[in-house]
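Please load the model in a viewer and keep a selection tool at hand. The tour below proceeds from one selection to the next.

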Amino acid sequence: MTITTGPVSGEILDILDDPAPSRPAAGNTPDRSTLPGALALYARWEKGQWSVGDVRVERDRETWAALRPFAERELGDALTELEVGEVCVTRTLSALVDHAPTDDDRIYLCTQLADEGRHVRFFQEYLTTAAGIELDSALDEASAYGQLFEPQLVAATSRVRESGGDRGAWYEALVGYHLITEGVLAAAALRTTRVLAQRYGLHALHEGLGNVARDESRHLTYGLMAARRGVDDGEHRELIARCYLSGAELAARVMVNPHKKAITPVMTAALHARARQLTAQWQVGLDRAVRQLRLIGLPGLRDDVERSWSAAQRRALAEYRERWDTEHPVVLAA
Ligand SMILES: [Fe+2]
Ligand SMILES: [Fe+2]
């Protein structure tokens, strides 16, 4: 089966892939002038409520039980990654709330905290009720995000607290949280997983992931707006650029995930389909990492991001070969 990350019916678009031709910026990437402020995002939140109960995850139980083992593992792994990421962000966001630069930022960030709690509930409910997957510490250990990125985000948000809200520390955490975790990793994973949910007829999953993606789109917009403010004040420009570059590098490594043996189909056609899917997802991540640069006022960082991303990906693939004594499926299919 060929899986693409192209548009699917009801796909959620966010500010980075809004194709509206009226957008003024080159490459269809909206300009800063289109970024709403914290209070406007708060107003969107008030209007965009949804509930985990209304998704009725139990309606996917039968379809899930009938999935072929390959599809079950593929989707189970993807949902586990998303769940681990969501748990991590609920544990760390409060540092950004407590030390928000303005009251408007704080009020908006409180809404985001509520969203992240709802996302954890959705993924946990889906994994246990629809997919029959037990939640335990093994999930965390198998997660690329949990192993590679979470420690960084925990350290960055701890520095915000320990410094009593140092503005540089706050921006560093914001870049790791909103721009890399949400804007690159979660956005790419949500899109791919939503395509799979639609292909396999998992209607509750498709609907729930759509709700989560809409919330995440709001979170990312806030992150872009806040980072742009930090870049424009001059004082934090270099720091934000540095954090962005190292975050993008780490994101490329998380996407390859050398720590975990990848699903590697034996049949050539299936192997190629799997490799195409992974490559497409990695490309979505890189595209987003590059497109965000214009919005945060760092378009000149593009070459550096592309170079660091490719180098990190090559290193992660070499690490994979070393660890598992076999090539990664993307390399095998090349
Ligand atoms: Fe979330
Ligand atoms: Fe989020």
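Begin with helix α4, which bends by about 35° at T92. The model on display is a predicted one. Select residues 69-98 to show α4 in full: its 30 residues should span 44 Å at 1.5 Å a residue, and the end C-alpha atoms are 45 Å apart, which agrees.

Next, add residues 167-199, helix α8, to the selection. The axes of α4 and α8 come within 11 Å of each other and cross at roughly 155°. Because of that angle, α4 runs roughly antiparallel to α8. The crossing is left-handed. On the α4 side, the contact includes E74, L75, A78, L79, E81, L82 and G85, as well as T92. On the α8 side, the participants include W170, A173, L174, Y177, T181 and L185. T92 is thus both the site of the bend in α4 and a member of the contact with α8.

Now move to helix α7, residues 144-162. How far apart are its end C-alpha atoms? They are 27 Å apart, in agreement with the 27 Å that 19 residues should span at 1.5 Å a residue. Centre the view on E150, where α7 bends by about 45°; a proline, P151, follows within four residues. E150 is also one of the buried residues of α7, a set that comprises A144, Y145, G146, F149, E150, L153, A156, T157 and V160. Just after the helix, select G164, which takes a positive phi of about 70°.

Within α7, select Y145. Is Y145 buried or exposed? It counts as buried, because it has 26 C-beta neighbours inside 10 Å, and the cut-off for burial is 20 or more. Leaving aside neighbours within four places in sequence, Y145 is in contact with E81, V84, G85, C88, E150, L185 and V254. Of these partners, E81 and G85 also belong to the contact between α4 and α8, as does L185.

With Y145 still selected, display L250: the two residues are 105 apart in sequence, and their C-alpha atoms are 9.8 Å apart in space. Then extend the selection to helix α10, residues 237-256. The axes of α7 and α10 come within 8 Å and cross at roughly 165°, so α7 is roughly antiparallel to α10. The contact is made by A144, Y145, L148, F149 and Q152 of α7 and by L250, R253 and V254 of α10. The crossing here is right-handed.

Step back to helix α9, residues 203-232. Its 30 residues reach 43 Å from first C-alpha to last, close to the 44 Å expected at 1.5 Å a residue. α9 is mostly covered, with 23 of its 30 residues buried. G234 follows this helix and has a positive phi, near 80°.

The last two stops concern backbone angles in loops. Most residues other than glycine have a negative phi. Select R56, in the loop between α2 (52-55) and α3 (61-65); its phi is near 50°, a positive value in a residue other than glycine. R56 is partly exposed, with 14 other C-beta atoms within 10 Å. Finally, select D325, in the loop between α12 (302-324) and α13 (329-333). Its phi is likewise positive, near 55°, and D325 counts as exposed, with 7 C-beta neighbours inside 10 Å.

Technical notes: Residues numbered from 1 in each chain as written. Chains lettered and ligands numbered in written order. Predicted model: local features only at pLDDT ≥ 70, side-chain atom pairs only at ≥ 80, totals over all residues. Expected span 1.5 Å × (residues − 1). Bend = angle between axes of the 7 residues up to and from the residue. Buried ≥ 20, exposed ≤ 12 C-beta atoms within 10 Å, placed from the backbone. Axes fitted to C-alpha atoms, helices over the stretch in contact; angles between N-to-C directions. Parallel < 35°, antiparallel > 145°, perpendicular 65-115°, else oblique. Left-handed = near helix turned anticlockwise from the far one by under 90°. Contact = placed C-beta atoms within 7 Å.
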